[in-house]
Amino acid sequence: MATRQFTLTDNSSGKTSTLEALSPSVGPDVINIAPLAKDHGVYTFDPGFMSTASCESKITYIDGDKGVLLYRGYPVEQLAAKSSFLEVSYLLIYGELPTQTQLEEFTRSIGRHTMINESLLRFYNGFHYDAHPMAQLSAVVASMAGFYHDSLDIYNPRHREIFAHRIIAKMPTISAAAYKHMLGQPFVYPRNDLDYCSNLMSMFFGVPAEPFEIDPIAARALDLLLILHADHEQNASTSTVRLAGSTGTNPYSAISSGVAALWGPSHGGANEAVLQMLEEIGTADAIPKFLARVKDKQDHTKLMGFGHRVYKHFDPRAQIIRETCHQVLANLGRSDNPLFELALRLEEIALKDEYFVSRRLYPNVDFYSGIIYRAIGIPQSMFTVMFAIARTAGWVAHWQEMIADPGMKIGRPRQLYTGATTRNYVDIAAR
Ligand code: SDX
C-alpha cells in the first residue's frame with residue numbers, strides 16, 4: 001500500500017526531502033524523521049514527547065478521544081469483567097490469551113517464585129519504620145540485580161522468561177515485607193495454595209498469631225484494580241524502564257528505575273495524592289474554594305486524579321473503578337463512605353466547570369482507586385506500591401519486547417542547546 005509521504009523544504013536553502021509516514025494497525029500515522037539529520041542537519045524538538053513516538057510496540061493501544069484501552073487488542077472492559085491479573089499478565093507478556101493448560105503452568109511457575117532470598121529481608125532493617133514503602137520497593141527491587149546478575153543473559157529467551165516470572169511473583173512479597181516493616185510486625189511468608197491477590201492480602205494483613213481469613217470480595221476487587229493498572233503504552237515509568245533497559249542493564253535495575261519514576265505525584269503517586277486532597281477538602285461545601293485554588297496559577301495546586309496526557313475524554317479505567325466502588329463498598333458494608341461521596345461530588349462539579357472542560361480534564365485511573373484500596377484496608381502510603389505491583393506486568397512486557405527486537409538501539413535523545421558557546425578559562429585572580 002502506498003505510504004503517505006510528507007515533503008519538507010528548507011526555505012533558506014531550497015533543499016527538499018521526502019519523509020515517509022509509517023502506518024499503525026490502529027491510530028495515527030507516525031513520520032520517520034531519520035532523514036532530517038542526514039538531509040538537513042536538523043533534529044526535532046518535542047519536550048515531554050507530546051507528539052513523538054519513541055518506539056514501535058504491539059502490546060497496548062489507547063485512543064484518548066474515544067476512551068479506548070486495548071491490551072493486545074482486547075478491550076480493558078472485557079478483561080476487567082472476565083479475566084484475572086495473572087491471565088492478563090500472561091496476555092501482555094506472551095501476546096495471546098493462555099489456554100487452560102498454559103494458564104495453569106504459568107500460575108504454577110509464578111507460585112514457585114513468590115519467596116524472596118532470606119538475606120533480602122535484612123535490607124528492610126536498614127529503613128526506619130516510617131520510610132516510604134516506594135523507597136523500600138525501588139531499593140529492594142534494585143538489589144535483586146545482586147542476586148541474579150550472573151545468571152541472566154538478557155539475550156537468552158529462557159533467561160528473560162524466568163526473570164519475568166520471578167519479578168511478577170516477588171513484587172507482592174517485597175511490597176508486603178515493606179508494609180510489615182512499617183508496622184513493626186513479623187514478615188508473613190507467601191502461601192502458594194492461595195491465588196495471587198489472596199496471597200497478597202495474606203502477606204499484608206496476616207499475622208503469625210492467628211489464621212488469616214481471606215475476604216473473596218476484597219481479593220476480587222484487588223484483582224480488578226491490578227488488571228486496570230497493568231499496562232498503558234509508553235507512560236513515564238514504562239518509558240523509563242525501556243530507556244534504562246536499552247543500555248543492556250540487568251532487568252531488575254530497569255524495573256527499579258520504573259518504580260522510581262512511577263512514584264512521582266504526576267504519575268502513579270497521584271492515587272495517594274488524591275486521598276490527601278480529599279481529606280484536605282474535607283466536605284462538599286469546601287469544593288468551590290479548593291477549585292478556586294486550582295485555577296489560581298500562583299497556587300500550583302492541581303486537582304489530583306484529573307487530567308491525562310492521552311485521555312482528553314474519559315479514562316475507561318476511571319469509569320470502571322467508579323462503578324466498582326459502589327459495589328465493593330456495599331459488599332464490604334462500607335456504603336456510607338464520605339470520601340467516596342465527596343469524590344463523586346468533586347467530579348460532578350469539576351466536569352461542569354469551564355476551566356476543566358476547556359482543558360479537557362477528566363478523572364483518570366487514580367481518582368477513585370484509593371477509595372477501594374482504603375476500603376480493602378490498604379493504607380494510603382501503599383497505594384502507589386499497589387500500582388507498581390500491577391504495572392510490573394506491563395514493564396516486563398515492554399522490556400521483553402524491546403530486548404527481543406534485533407533492531408534495538410540504546411536510547412539517547414538529542415537536545416536544543418542554548419548554553420554558552422566556547423570560551424576560555426579565566427584565572428580566579430582575573431574574575
Ligand atoms: C497516570 O501516561 C500515562 O498513561 C499515565 C497513567 C498510566 O496508567 O501509566 O495513566 C497513570 O499517571 C495518570 C495521571 C495521574 N496524575 C495526576 O492525576 C496528577 C494531576 N494531573 C496532572 O498533573 C496532569 O494532568 C498530567 C501530568 C496527568 C498530564 O499533564 P499534561 O498532559 O502535561 O498536561 P498539561 O500539564 O500540559 O495540562 C494542560 C493544562 C494546563 O493548564 P494551562 O497551562 O493550559 O493553563 O491543563 C492544566 C495544566 O495546568 N491541568 C490541570 C491538571 N492537569 C492539567 N489543572 C489542574 N489540575 C490538573 N490535574
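The buried residues of helix α9 pack against six helices: α3 (85-94), α4 (100-112), α8 (157-183), α10 (216-228), α18 (366-376) and α19 (383-403). This is a predicted model.

**Helix α9**

Helix α9 covers residues 196-205. Nine of its ten residues are buried, so the rest of the structure largely encloses this helix. The buried set runs through Y196, C197, S198, N199, L200, M201, S202, M203 and F204. The N-terminal end of α9 is capped by D195. There, a side-chain oxygen of D195 sits 3.1 Å from the backbone nitrogen of C197.

S202 belongs to this helix. How does S202 count, buried or exposed? S202 is buried, because its relative accessible area of 4% falls under the 20% limit. Setting aside residues up to four places away in sequence, S202 touches V188, R191, L194, F212 and I214.

**The ligand site**

The ligand is surrounded by 24 residues. H232, K297, H308, R317 and R391 are the closest of them. By class, the shell holds nine nonpolar, eight polar and seven charged residues.

Three polar contacts of the ligand follow, with the atoms involved.

| Residue | Protein atom | Ligand atom | Distance |
|---|---|---|---|
| H232 | side-chain N or O | oxygen | 2.6 Å |
| R309 | polar side-chain atom | oxygen | 2.8 Å |
| L303 | polar backbone atom | nitrogen | 2.9 Å |

H232 and R309 thus appear with side-chain atoms, each paired with an oxygen atom of the ligand. L303 contributes a polar backbone atom, and its partner is a nitrogen atom of the ligand. How much of the ligand does the protein bury? Taken alone, the ligand exposes 1,000 Å², and the protein buries 77% of that.

**Helix α13**

Helix α13 spans residues 270-281, twelve in number. From first C-alpha to last, α13 reaches 16 Å. That is close to the 16 Å expected at 1.5 Å a residue. Helix α13 is mostly covered, with nine of its twelve residues buried. These are A270, N271, E272, A273, V274, L275, M277, L278 and I281.

An α-helix has 3.6 residues a turn, so residues three or four places apart point the same way. In α13, the buried residues include V274, L278 and I281.

Which helices do the buried residues of α13 pack against? Their partners are α14 (287-295), α16 (338-350), α18 and α19. Helices α18 and α19 also take contacts from the buried residues of α9. After α13 comes G282, whose phi is positive, near 85°.

E272 lies in α13. At 12% relative accessibility, E272 counts as buried. Its charged side chain class is set by residue type, since Glu counts as charged. Outside its neighbours within four places in sequence, E272 is in contact with H132, Q380, S381, F383 and T384. Two of those contacts, F383 and T384, fall within the residue range of α19. Q234 is 38 residues away from E272 along the chain, and the two C-alpha atoms are separated by 22 Å.

**Helix α6**

S143 is found in helix α6, which covers residues 133-143. S143 counts as buried, at 12% relative accessibility. Its side chain reaches the backbone oxygen of V140 at 2.5 Å. Apart from its neighbours within four places in sequence, S143 is in contact with L120 and F123.

**Positive phi in loops**

H300 is not a glycine, yet its phi is positive, about 60°. This residue lies in the loop between α14 and α15 (316-331). H300 is exposed, with a relative accessible area of 69%.

R360 is another residue other than glycine with a positive phi, near 55°. Where does R360 lie? R360 sits in the loop between α17 (354-358) and α18. At 38% relative accessibility, R360 counts as partly exposed, because that value falls between the 20% and 50% limits.

Note on methods: Residues numbered from 1 in each chain as written. Predicted model: local features only at pLDDT ≥ 70, side-chain atom pairs only at ≥ 80, totals over all residues. Heavy atoms only, no water. Buried < 20%, exposed > 50% of the residue type's maximum accessible area, 1.4 Å probe, protein only. Helix = DSSP H or I, 4+ residues; strand = E, 2+ residues; numbered from the N terminus. Contact = heavy atoms within 4.5 Å. Polar contact = N/O pair within 3.5 Å; in protein donor to acceptor, adjacent residues only side chain to side chain. Near = heavy atom within 4 Å. Areas by Shrake-Rupley, 256 points an atom, 1.4 Å probe, with all protein chains shown as cover. Expected span 1.5 Å × (residues − 1).
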